[in-house]
Amino acid sequence: MTDHQEQPKTEKLAWAIDEAARSTGVSKGYLRKIIAAGELKTTRAGRRVLIRDSDLRAWLDQSVRAARPGEG
(Lines give C-alpha, C1' and ligand atoms only; values in the text may rest on other atoms or scores of the structure.)
Protein backbone atom coordinates (compact mmCIF):
# COMPACT_ATOMS: atom_id res chain seq x y z
CA MET A 1 0.00 0.00 0.00
CA THR A 2 1.33 3.44 -0.94
CA ASP A 3 1.49 6.17 1.68
CA HIS A 4 -0.53 9.14 0.37
CA GLN A 5 0.73 11.92 2.58
CA GLU A 6 -0.11 15.42 1.47
CA GLN A 7 2.84 17.28 0.02
CA PRO A 8 3.39 20.75 1.45
CA LYS A 9 2.37 23.45 -1.01
CA THR A 10 5.40 25.22 -2.44
CA GLU A 11 5.42 28.96 -2.90
CA LYS A 12 5.70 30.19 -6.48
CA LEU A 13 9.04 31.95 -7.02
CA ALA A 14 8.47 33.38 -10.50
CA TRP A 15 5.62 33.96 -12.92
CA ALA A 16 5.41 33.91 -16.71
CA ILE A 17 3.73 37.03 -18.09
CA ASP A 18 0.44 35.23 -18.79
CA GLU A 19 0.42 33.72 -15.29
CA ALA A 20 1.17 37.09 -13.68
CA ALA A 21 -1.62 38.68 -15.72
CA ARG A 22 -4.16 36.07 -14.59
CA SER A 23 -2.97 36.28 -10.99
CA THR A 24 -3.16 40.07 -10.76
CA GLY A 25 -6.14 40.71 -13.02
CA VAL A 26 -4.24 43.04 -15.36
CA SER A 27 -3.77 42.35 -19.05
CA LYS A 28 -0.66 40.81 -20.58
CA GLY A 29 -0.35 43.91 -22.74
CA TYR A 30 -0.32 46.18 -19.71
CA LEU A 31 2.34 44.04 -18.02
CA ARG A 32 4.47 44.17 -21.16
CA LYS A 33 4.04 47.96 -21.24
CA ILE A 34 5.21 48.45 -17.64
CA ILE A 35 8.07 45.98 -18.18
CA ALA A 36 9.21 47.98 -21.25
CA ALA A 37 8.95 51.18 -19.20
CA GLY A 38 11.24 49.67 -16.55
CA GLU A 39 8.55 49.73 -13.85
CA LEU A 40 8.60 45.95 -13.36
CA LYS A 41 11.79 43.90 -13.41
CA THR A 42 12.02 40.59 -15.23
CA THR A 43 14.54 37.81 -15.69
CA ARG A 44 15.00 35.25 -18.43
CA ALA A 45 15.12 31.49 -18.28
CA GLY A 46 16.08 30.50 -21.79
CA ARG A 47 13.50 32.20 -24.00
CA ARG A 48 10.94 32.61 -21.21
CA VAL A 49 10.48 35.97 -19.57
CA LEU A 50 9.83 35.54 -15.85
CA ILE A 51 8.74 37.97 -13.17
CA ARG A 52 10.01 37.13 -9.71
CA ASP A 53 7.20 36.88 -7.18
CA SER A 54 8.89 39.43 -4.92
CA ASP A 55 9.16 41.94 -7.80
CA LEU A 56 5.51 41.43 -8.77
CA ARG A 57 4.39 41.97 -5.17
CA ALA A 58 6.58 45.08 -4.82
CA TRP A 59 5.12 46.52 -8.04
CA LEU A 60 1.58 45.81 -6.83
CA ASP A 61 2.27 47.45 -3.46
CA GLN A 62 3.76 50.50 -5.17
CA SER A 63 0.82 50.73 -7.59
CA VAL A 64 -1.69 50.61 -4.74
CA ARG A 65 0.18 53.34 -2.84
CA ALA A 66 0.33 55.51 -5.98
CA ALA A 67 -3.42 55.06 -6.51
CA ARG A 68 -4.17 56.23 -2.98
CA PRO A 69 -2.13 59.37 -2.29
CA GLY A 70 -1.85 60.22 1.36
CA GLU A 71 -1.99 56.59 2.48
CA GLY A 72 1.07 54.47 3.26
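These are my notebook entries on helix α3 and the side-chain pairs I looked up in this structure.

**Entry 1: before starting**

I'm working with a predicted model. So that I don't fool myself, I keep that at the top of the page.

**Entry 2: helix α3**

I started with helix α3, which covers residues 53–67. How far apart are its end C-alpha atoms? I got 21 Å, and at 1.5 Å a residue the 15 residues should span 21 Å, so the two agree.

Next I asked which residues of α3 are buried. My list reads Asp-53, Asp-55, Leu-56 and Trp-59. Looking down the helix axis, I found these buried residues within an arc of 165°, so they line one face of α3. I jotted down the general rule beside that: an α-helix has 3.6 residues a turn, so residues three or four places apart point the same way.

What covers that buried set? The cover includes the strands β1 (14–16) and β3 (48–52), along with helices α1 and α2.

**Entry 3: Asp-53**

Asp-53 sits in helix α3. Buried or exposed? I wrote down buried, because its relative accessible area is 7% and the cut-off for buried is under 20%.

Then I checked its contacts, skipping neighbours within four places in sequence. Asp-53 is in contact with Glu-11, Lys-12, Leu-13, Ala-14 and Trp-15. One of these, Lys-12, turned up again elsewhere: it lies over the face of Trp-15, at 5.2 Å from the ring centre.

Asp-53 also has a charged partner. Its side chain meets that of Arg-57 in a salt bridge, 2.7 Å from N to O. The two are four residues apart in helix α3, which means about one helical turn separates them.

**Entry 4: Asp-55**

Asp-55 is in helix α3 as well. Its relative accessible area is 12%, so it falls under the 20% cut-off and counts as buried. Leaving out residues up to four places away in sequence, I found Asp-55 touching Leu-40 and Lys-41.

Which residue does Asp-55 form a salt bridge with, at 3.1 Å between the closest N and O atoms? That one is Arg-52. Arg-52 is partly exposed, at 42% relative accessible area, while Asp-55 is buried.

I followed the charges further and found a network of salt bridges linking Lys-41, Arg-52 and Asp-55. So Lys-41 goes into my notes twice, as a contact of Asp-55 and as a member of this network.

**Entry 5: the other salt bridges**

How many salt bridges does a search of the whole structure find? Five. My reminder in the margin: side chains of opposite charge can pair when their charged atoms come close.

I looked at one in helix α1, which runs over residues 17–24. There, Asp-18 forms a salt bridge with Arg-22, with the closest N and O atoms 3.7 Å apart. The two residues are four apart in sequence, about one turn of the helix. Asp-18 is partly exposed at 34% relative accessibility, whereas Arg-22 is exposed at 60%.

**Entry 6: an aromatic pair**

I searched for aromatic pairs and got one. It joins Tyr-30 and Trp-59: the ring centres are 6.3 Å apart and the planes are at 50°, so I noted the pair as tilted. The limits are under 30 degrees for stacked and over 60 for edge-to-face.

Where do the two rings sit? Tyr-30 is in helix α2 (residues 28–36) and Trp-59 is in helix α3, so the pair ties together parts 29 residues apart in sequence. Trp-59 is buried, at 6% relative accessible area, but Tyr-30 is partly exposed, at 38%.

**Entry 7: two more spots on α3**

Last, I checked two α3 residues that aren't on the buried list. Ser-54 lies in this helix and is partly exposed at 43% relative accessibility. From C-alpha to C-alpha, Ser-54 and Asp-18 are 17 Å apart in space, with their positions 36 residues apart in sequence.

Ala-58 is in helix α3 too, and I put it down as partly exposed, with a relative accessible area of 42%. Its C-alpha is 8.8 Å from that of Leu-40, and the two residues are 18 apart in sequence. Leu-40 was already in my notes, as a residue that Asp-55 touches.

Key:
Residues are numbered from 1 along each chain as its sequence is written. This is a predicted model: local features need pLDDT of at least 70, side-chain atom pairs count only at pLDDT 80 or more; totals for chains, interfaces and linings use all residues. Side-chain values use heavy atoms; hydrogens and water are left out. Buried means under 20% relative accessible area, exposed over 50%, partly exposed in between (1.4 Å probe, protein chains only). Contact means heavy atoms within 4.5 Å. A salt bridge is a side-chain nitrogen of Lys or Arg within 4 Å of a carboxyl oxygen of Asp or Glu. Rings of Phe, Tyr and Trp (its six-membered ring) pair if their centres lie within 6.5 Å; planes under 30 degrees apart count as stacked, over 60 as edge-to-face and the rest as tilted. A charge sits over a ring if NZ of Lys or CZ of Arg is within 6 Å of the ring centre and within 35 degrees of the ring normal. The expected span of a helix is 1.5 Å times one less than its number of residues. The arc is that of the directions from the helix axis to the C-beta atoms.
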